[in-house]
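Here is a set of short exercises to work through with the model open beside you. Try each task before reading its solution.

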Amino acid sequence: MSQAKAYAARSATSPLAPFTFERRALRDNDVNIDILYCGVCHSDIHVAESDWGPSEYPVVPGHEIIGRVTEIGSRVSKYKVGDLVGVGCMVDSCQTCPSCQQNLEQYCDAGIKGTYGARDMIDGSLNHGGYSDHIIVREEFVLSIPEALDISKAAPLLCAGITTYSPLRHNGVKAGDKVGVIGMGGLGHMGVKFAKALGAEVTIFTRSESKVSEAKQQGADHVIVSTDDAQMQAAASSFDYLLDTIPVQHDLNPYLNVLKVDGTHILVGLIEPIEPALHTANLILKRRVLTGSLIGGIAETQEVLDFCAEHNIECDAEMIKIQDINEAYQRMKKGDVKYRFIIDMKSLKEDA
Ligand code: NDP
Ligand code: ZN
């Protein structure tokens, strides 16, 4: 066992605060990772605050982890001490069900074993994530960080990156397609970059007038202010795909209306019932598709890291100290983030 320093939420309403706990002893297929950077995902807030039903506390969030290997188990073959590695949203799966066999561990029949909030498959202990000084993960769930990536900006690729890359690839987005990305936060801004890299014509849908002027810098071809009905109406029946990253319940009907015949609305943000109700005419009358997507498998997560290294794609990040995490959450809830907070984990050492 090793003692870990971390920040944790003790209840749905308490701010994150310093917390120490024991990490498990290294198993023979485990890698011990000294955490350098950890991205801040809106899912961290959802789980810390029990938005998706009661969480098990304490919650140590963080599933966009970049670090260096400090120790390996006796059977580890992929990594050695000193390697730069990443850990994303999952740390285990059954490895035998049809989904796992197809490199789709996120859809494992035994359920997704999240980096935090889930229980370890072997000893049943509660998993704790990346807002901590180190983490121990079985090697199959550890990613290799390409040298070409700027490690201070790479962490968000492990969730925001793969979550937007995977559905664009799976749904077959290609050159010339018209893609709308809804919500310009951590996921949305990566979605814009990937859709552009795949050759699509990209439109950002945002509520925030302040993000309009920056949209072009983000690589978008067009911007629609989603609160302006006239702009939404003018876009009717013009999109092939929508990638929807809004983190709360919202009306899908005006968005479905901007899709062409056979257009596809991909949900990644909403993990709740649809409210207000969806009018099925918006699907049936144009044979539109409403679908969803959960992160991506381990092989595809490695693919997105390599894709970003090759295409020079990086996250736009604001570096913070762990002590600023509660303020960062408040800003994210207001949509005030450009476009991902990353925690410099050496700040943990500043706490007495
Ligand atoms: P962020 O907070 O970084 O960004 C979300 C963006 O959505 C905001 O910047 C804002 O964009 C828009 N938004 C926020 N609140 C509202 C609102 N009330 N109404 C309309 N638009 C709003 O979140 P992330 O990008 O980190 O995460 C987005 C969602 O995706 C979260 O729910 C998260 O849990 C989920 N997620 C899902 C995954 C999956 O596998 N499916 C994996 C990772 C995350 P703007 O200001 O431009 O309107
Ligand atoms: Zn995430």
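**Exercise 1. Is K80 buried or exposed?**

Step 1. With a relative accessibility of 52%, K80 counts as exposed (buried is under 20% relative accessible area, exposed over 50%, partly exposed in between, with a 1.4 Å probe and protein chains only).

Step 2. K80 meets D83 in a salt bridge of 2.9 Å, N to O (a side-chain nitrogen of Lys or Arg within 4 Å of a carboxyl oxygen of Asp or Glu). D83 counts as buried, at 18% relative accessibility.

A note before going on: this is a predicted model, in which local features need pLDDT of at least 70 and side-chain atom pairs count only at pLDDT 80 or more, while totals for chains, interfaces and linings use all residues. Residues are numbered from 1 along each chain as its sequence is written, chains are lettered from A and ligands numbered from 1 in the order in which they are written, and side-chain values use heavy atoms, leaving out hydrogens and water.

**Exercise 2. Which parts of the chain does the salt bridge between D120 and R27 tie together?**

Step 1. Side chains of opposite charge can pair when their charged atoms come close. The structure holds 23 salt bridges.

Step 2. In the one between D120 and R27, the closest N and O atoms are 2.8 Å apart. D120 sits in the loop between strand 7 (113-114) and strand 8 (134-138), and R27 in the loop between strand 2 (17-23) and strand 3 (30-40), so the pair links parts that are 93 residues apart in sequence. Helices (H or I, at least four residues) and strands (E, at least two) are DSSP runs, numbered from the N terminus.

Step 3. Both D120 and R27 are buried.

Step 4. Now take R75 and D28, whose salt bridge has its closest N and O atoms 3.1 Å apart. R75 is in the loop between strand 4 (65-72) and strand 5 (84-87) and D28 in the loop between strand 2 and strand 3, so this pair ties together parts 47 residues apart in sequence. R75 is exposed at 54% relative accessibility, and D28 is partly exposed at 34%.

**Exercise 3. How far from K113 is the nearest side chain of opposite charge?**

Step 1. Find K113 in strand 7.

Step 2. K113 is buried yet has no salt bridge, and D92, the nearest side chain of opposite charge, is 8.2 Å away (Lys and Arg count as positive, Asp and Glu as negative; His and the chain ends are not counted).

Step 3. Residues up to four places away in sequence aside, K113 touches C89, M90, V91, D92, A118, R119 and M121 (contact means heavy atoms within 4.5 Å).

**Exercise 4. Which residues line the largest cavity?**

Step 1. The whole structure has 1 cavity of 30 Å³ or more. On a 1 Å grid over the protein atoms alone, a cavity is a set of points where a 1.4 Å probe fits but cannot get out, and a pocket is an open set with protein on both sides within 12 Å along at least five of seven lines; lining residues have an atom within 4 Å of a point.

Step 2. The largest cavity holds about 60 Å³ of space (points are joined across faces, edges and corners, and a volume is the space filled by probe spheres set on them).

Step 3. Its lining is made by G88, C89, M90, L143, L158, I162, I295, G296, I298 and T301.

Step 4. By class there are 7 nonpolar, 3 polar and no charged residues in that lining (Ala, Val, Leu, Ile, Met, Phe, Trp, Tyr, Cys and Pro count as nonpolar, Asp, Glu, Lys and Arg as charged, and the others, Gly among them, as polar).

**Exercise 5. Which element gives the most to the lining of the second largest pocket?**

Step 1. This pocket has a volume of about 370 Å³, and of its 22 lining residues R24, D120, S125, N127 and I136 lie nearest the centre.

Step 2. Strand 2, strand 6 (90-92) and strand 8 are the elements that give two or more residues to the lining. Strand 8 gives the most, with 4 residues.

Step 3. The lining has 8 nonpolar, 5 polar and 9 charged residues.
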